[in-house]
Amino acid sequence: MNYDQAWMGYGWIGGVEAGAISLVAGFVLYLVFHWLGRRNGWSDARRVGWAYFAALVLSARVDAWNLFYFNYGRLQSLQLLSAKLAEVHDPDGIGTRVLCELIGAAAGVFVAWAVCGGHWRGR
């Protein structure tokens with residue numbers, strides 16, 4: 001996320017909060033892409049794919065990058081590691097937050113798809 005996360009909880013509480021933010025982002029972005037897709041003749045798969053991708057870019061990119069960086073980045077010293085960890089809110093729960101953001105964005109897109117008349121109703 002691109003904003004101050006100091007208000008968020010730790011562990012699963014913070015993960016659920018981040019997931020809820022991603023859910024709202026996925027829902028709203030699917031509505032936007034549904035509107036664009038109807039005007040341009042896009043399939044449901046294209047609308048869902050772009051909405052999910054945009055929701056992840058907007059809501060999960062910083063946490064996902066930090067998770068990747070701490071696992072694969074070359075941290076040459078303990079001082080550098082300490083400085084990088086100090087910049088992250090709840091470094092112990094970053095994997096939980098990323099997981100909840102992925103699931104939240106998918107759930108938001110799915111709920112919006114169902115509300116907009118996914119194929120479950122028939123035509």
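## A salt bridge and the five helices around it

Let's start with a pair of charged side chains: Arg47 and Asp44 meet in a salt bridge, with 3.3 Å from N to O. The two sit three residues apart in helix H2, which is about one turn of the helix. An α-helix has 3.6 residues a turn, so residues three or four places apart point the same way. Arg47 counts as buried because its relative accessible area is 10%, and the cut-off for buried is under 20%. Keep in mind that everything here comes from a predicted model.

**The overall picture**

Step back and look at the whole chain. It has five helices and zero strands, so reading from the N terminus you get α-α-α-α-α. The C-alpha trace spans about 60 × 25 × 20 Å along its principal axes. Of the 123 residues, 36% are buried. About 7,600 Å² of the chain is exposed, and carbon and sulfur atoms supply 66% of that area. Now take the contacts with a separation of 6 or more: residues 24 or more positions apart account for 68% of them.

**Two helices to get to know**

Helix H1 covers residues 12–40. With 29 residues at 1.5 Å each, H1 should span 42 Å, and its end C-alpha atoms are 40 Å apart, which agrees. Plenty of names turn up on its buried list, including Gly14, Gly15, Ala18, Gly19, Ser22, Ala25 and Gly26. Further along H1, Leu29, Tyr30, Phe33, His34 and Gly37 are buried too. What covers these buried residues? H2 and H5 are among the elements that do. Just after H1 comes Gly41, with a positive phi of about 75°.

Helix H5 takes in residues 94–115, which makes 22 residues. From first C-alpha to last, H5 reaches 31 Å, close to the 32 Å expected at 1.5 Å a residue. Here too a glycine follows: Gly117, just after H5, takes a positive phi of about 95°.

**The nonpolar core**

Which residues have the most contacts inside the largest nonpolar core? They are Leu29, Tyr30, Phe33, Ala51 and Ala55, in a core of 14 residues. H1, H2 (residues 44–59) and H5 each supply at least two residues of this core, and H5 gives the most, with five.

Phe33 is a good one to click on. Leaving aside its neighbours within four places in sequence, Phe33 is in contact with Trp42, Arg47, Trp50, Ala51 and Ala54. Arg47 on that list is the arginine from the opening salt bridge.

**More salt bridges**

The count of salt bridges comes to three. Side chains of opposite charge can pair when their charged atoms come close. Here is the set:

| Salt bridge | N to O distance |
|---|---|
| Arg47 and Asp44 | 3.3 Å |
| Asp63 and Arg97 | 3.2 Å |
| Asp90 and Arg97 | 4.0 Å |

Look at Asp63 and Arg97, whose closest N and O atoms are 3.2 Å apart. This pair links distant parts of the chain: Asp63 is in helix H3 (residues 61–72) and Arg97 is in H5, 34 residues apart. Are these two buried or exposed? With a relative accessible area of 2%, Asp63 is buried; Arg97, at 1% relative accessibility, counts as buried as well. Asp90 also forms a salt bridge with Arg97, and both Asp90 and Arg97 are buried. Through shared partners, salt bridges join Asp63, Asp90 and Arg97 into one network.

**Out on the surface**

Not everything nonpolar is tucked into the core. Trp12, Leu99, Leu102 and Ile103 form a nonpolar patch on the surface, with about 410 Å² of accessible area together. H5 brings the largest share of the patch, three residues. Leu99, which lies in H5, has a relative accessible area of 42% and is therefore partly exposed.

Helix H4 (residues 78–86) is the place to find Ser82. At 46% relative accessibility, Ser82 counts as partly exposed. How far apart in space are Ser82 and Ala105? They are 31 Å apart, C-alpha to C-alpha, with their positions 23 residues apart in sequence.

Note on methods. Residues numbered from 1 in each chain as written. Predicted model: local features only at pLDDT ≥ 70, side-chain atom pairs only at ≥ 80, totals over all residues. Heavy atoms only, no water. Helix = DSSP H or I, 4+ residues; strand = E, 2+ residues; numbered from the N terminus. Expected span 1.5 Å × (residues − 1). Core = buried A, V, L, I, M, F, W, Y, C linked by side-chain atoms within 4.5 Å. Buried < 20%, exposed > 50% of the residue type's maximum accessible area, 1.4 Å probe, protein only. Contact = heavy atoms within 4.5 Å. Patch = residues over 30% accessible without salt bridge, like charges linked within 9 Å, V, L, I, M, F, W, Y side chains within 5 Å. Areas by Shrake-Rupley, 256 points an atom, 1.4 Å probe, with all protein chains shown as cover.
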